[in-house]
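User: Could you take a close look at one part of this model for me, a pair of neighbouring strands and what surrounds them? I would enjoy a connected walk through it.

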Amino acid sequence: MALIYLDHLAATPLHPKVKEAMIHHIKTVYGNPSTDTQVGQPAARALDQARTQVAALINADPTEVVFNSGGSESINHAVKGVAIGLRQKGNHIITSNIEHKAVLNSLRTLRLLDYRITSLDVDQYGLVDPAAVEKAITPETILITVMLANNEIGTIEPIADIAQIAQKHKVVMHTDAVAATGVIPVDVQKLGVNLLSLAANQFYGPPGVGALYIRKGTAIWPLIDGGLQENKRRAGTENLIGIVGMGMAAEMARLEMPERLPRLQALKDRLSQGLQQTIPEIKVNGHRTQCLPHLFSVSVEYIEGESLTLMLEEEGIIVATRSACASGSLRASHVLIATGLGHALAQGTLVFTLGMDNTEADIDKVLKVMPRIVQTLRDMSPIYKKEHAG
Amino acid sequence: MAYSPTVMDHFKNPRNVGEILQPDGVGEVGNPVCGDMMSVYIKVENDRLADVKFKTFGCGAAIAVSSMITEMAKGKTLEEAMKISNADVAEALGGLPPNKLHCSNLGADALHSAIKDYLDRKAGKVPAPDLGKEPHHKPGGKGCYCPYCQKEVEEEAPLCIFCGKELPHELEHEH
């Protein structure tokens, strides 16, 4: 059975051009880019090229791109690096209730070091109110960190508005753009942020490589201390094979985005409309229009998400759930709860993330099998019986 | 995914799904807030479980556990059925992933609660509204406590910053 892969947030297959670039690099280059020799120089050139490619994707200067091990490291660097860099100025950080765990747990660490955190509520669509951000700013505030697009419900936050407020109050602004970069247009000049996190595995590049955009003049301390790599921002010999892959993935994302975007949006609309027409009592999560074009989050009443994904997998469909049972922590998703979803309904949540290889036939297969699977599980569910007995 | 072939078999082809009309006993444990909820219905003849059925809201493990416990219990005397433990169910399923062991706790508890319900009815006791419901912690509620020094710790932290001990996967929570 051919697999229908609808979990591109977990991993994207490598773009054919990315594979090609990485294999070519493996075959021809092994040098250390920090060494000024015939062996090191091809490596240094490959590093420069990748940096230029990634900078072009987000409209940054190449000197403002710092390569690292991925989204979590970028976020840790941004949050902890500013906290250390600006400790003399203050100890207050503003964030939102729907951030990725890399943000939540970086802030958890900082709380132990006597930083104060204000975490803002979101509305039912997951939107942060820029006015609430401004109200939360104190003379002690050193950093605002709000994600560009949420990785569970897809909602796109008003980052440019929030960054303007940050600028007005001379507070550093970071945005976690991991779920968004390479999928939708991301322009650091238009956003006006100081720091932006991105990762290659969200746009057909390899896992384990990412980058932090650091606007010139931003007060930020390194997270990984050591040598002078990455313009003294991130020590350690570069993961050059991964970086070369990320560079090519960034270039392909930039070139192909005008084609990818409408295709993804059309597939998502087909899935969203189809499911809402065929399955009663489901709730679509996230903002209707301010939303990632490839992410569709839906909560199904009376059933639990992990059993739903297992049954879909039996039909060859790979999709993610936000159920507590599947989370490892056995907690309902903090994002869904923050948007006002009840714990029971949050348990029945699926997150579909579409990719450039998906077709209408893939979506139609989901629409064909999912109503039956949902009914099977509902017939097994004690709460379905109760609700429907009145 | 680390489910055993037996778990997947019981998940894909669950035995004894449904309700028994006019059951002799009903046991209900868990609630959807905690992730799992299971109802067990029993029919008793000559102190034996003539029929056992279930309905479950939960993950693959919870459904497989429900299916397995009904199979194990069917035909057994009440006394034998009361001796089936949660560990027996997990073992019969060829083991469960560590973070799923709490799901297996539902199975035997729901069965035992159904048998108690039967015995109470027989003795003429009026069941209290929520009788047989397990107390469960409230996910999302406040307070995670270090099991070694009892101090409140950060959720999902790898270690307790007060006593330095490594924290287990599931912390104690406020009830």
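Analyst: Strands β2(A) and β8(A) pair in the antiparallel sense, with 4 bridges between them. This is a predicted model, so please read every value below as computed from it. Within the pairing, Val66(A) stands opposite Leu212(A) of β8(A). In general, strands of a sheet pair through backbone hydrogen bonds, in a parallel or an antiparallel way.

Let us take β2 of chain A, residues 65-68, to begin with. In a regular strand, side chains alternate between the two faces of the sheet. Here both faces are covered: Val65(A) and Phe67(A) are buried on one side, and Val66(A) and Asn68(A) are buried on the other.

Across from β2(A), the partner strand β8 spans residues 210-214 of chain A and includes Tyr213(A). Is Tyr213(A) buried or exposed? Tyr213(A) counts as buried because its relative accessibility is 1%, below the 20% cut-off. Leaving aside residues up to four places away in sequence, Tyr213(A) touches Ile58(A), Ala60(A), Glu64(A), Val188(A), Val193(A), Asn194(A), Leu195(A) and Leu196(A). The side chain of Tyr213(A) also makes a polar contact, at 3.5 Å, with the side chain of Arg215(A). As for sequence against space, Tyr213(A) and Asp61(A) are 152 residues apart along the chain, while their C-alpha atoms are 9.2 Å apart.

Some of these residues lead on to the nonpolar core. The largest core has 73 residues, and those touching the most other members are Ile58(A), Phe67(A), Ile144(A), Met173(A), Leu196(A) and Met246(A). Helix α8 of chain A, residues 240-278, gives the largest share of this core, 10 residues. Phe67(A) is thus a familiar name, as one of the buried residues of β2(A), and Ile58(A) and Leu196(A) were both among the contacts of Tyr213(A). Met173(A) touches Ile144(A), Val146(A), Ile159(A), Ile162(A), Ala163(A), Ala166(A), Val193(A), Asn194(A) and Leu195(A), again without counting residues up to four places away in sequence. Of these, Val193(A), Asn194(A) and Leu195(A) are also touched by Tyr213(A). In soluble globular proteins, nonpolar side chains tend to be buried together. Apart from this core lies another, of 67 residues, which includes Leu49(B), Ala81(B), Ala108(B) and Ala110(B).

Elsewhere in chain A there is an open sheet of 4 strands to set beside the β2(A) pairing. Its order is β9-β10-β13-β12, with antiparallel pairing. The edge strands, β9 (282-285) and β12 (320-321), each pair on one side only. Strand β12(A) is joined by 2 bridges to β13(A), residues 349-353, and the two run antiparallel. There, Ala320(A) stands opposite Val351(A) of β13(A).

Aromatic rings round off the tour. The structure holds 2 aromatic pairs over all chains. In one of them, Tyr302(A) and Tyr384(A) form a tilted pair, with 5.2 Å from centre to centre and 55° between the planes. This pair links distant parts of the chain, 82 residues apart: Tyr302(A) is in the loop between β10 (295-300) and α9 (305-314), and Tyr384(A) is in helix α14 (residues 382-389). Tyr302(A) is buried because its relative accessibility is 9%, and Tyr384(A) is buried with a relative accessible area of 17%. A charge meets a ring as well: the charged end of Arg87(A) sits over the ring of Tyr115(A), 5.0 Å from its centre.

Technical notes. Residues are numbered from 1 along each chain as its sequence is written. Chains are lettered from A and ligands numbered from 1 in the order in which they are written. This is a predicted model: local features need pLDDT of at least 70, side-chain atom pairs count only at pLDDT 80 or more; totals for chains, interfaces and linings use all residues. Side-chain values use heavy atoms; hydrogens and water are left out. Rings of Phe, Tyr and Trp (its six-membered ring) pair if their centres lie within 6.5 Å; planes under 30 degrees apart count as stacked, over 60 as edge-to-face and the rest as tilted. Buried means under 20% relative accessible area, exposed over 50%, partly exposed in between (1.4 Å probe, protein chains only). A charge sits over a ring if NZ of Lys or CZ of Arg is within 6 Å of the ring centre and within 35 degrees of the ring normal. Two strands pair if DSSP finds at least two bridges between them. Contact means heavy atoms within 4.5 Å. A polar contact is a pair of N or O atoms within 3.5 Å; within protein, one must be able to donate a hydrogen and the other to accept it, and residues adjacent in sequence count only if both atoms are side-chain atoms. A nonpolar core is a set of buried Ala, Val, Leu, Ile, Met, Phe, Trp, Tyr and Cys residues joined through side-chain atoms within 4.5 Å.
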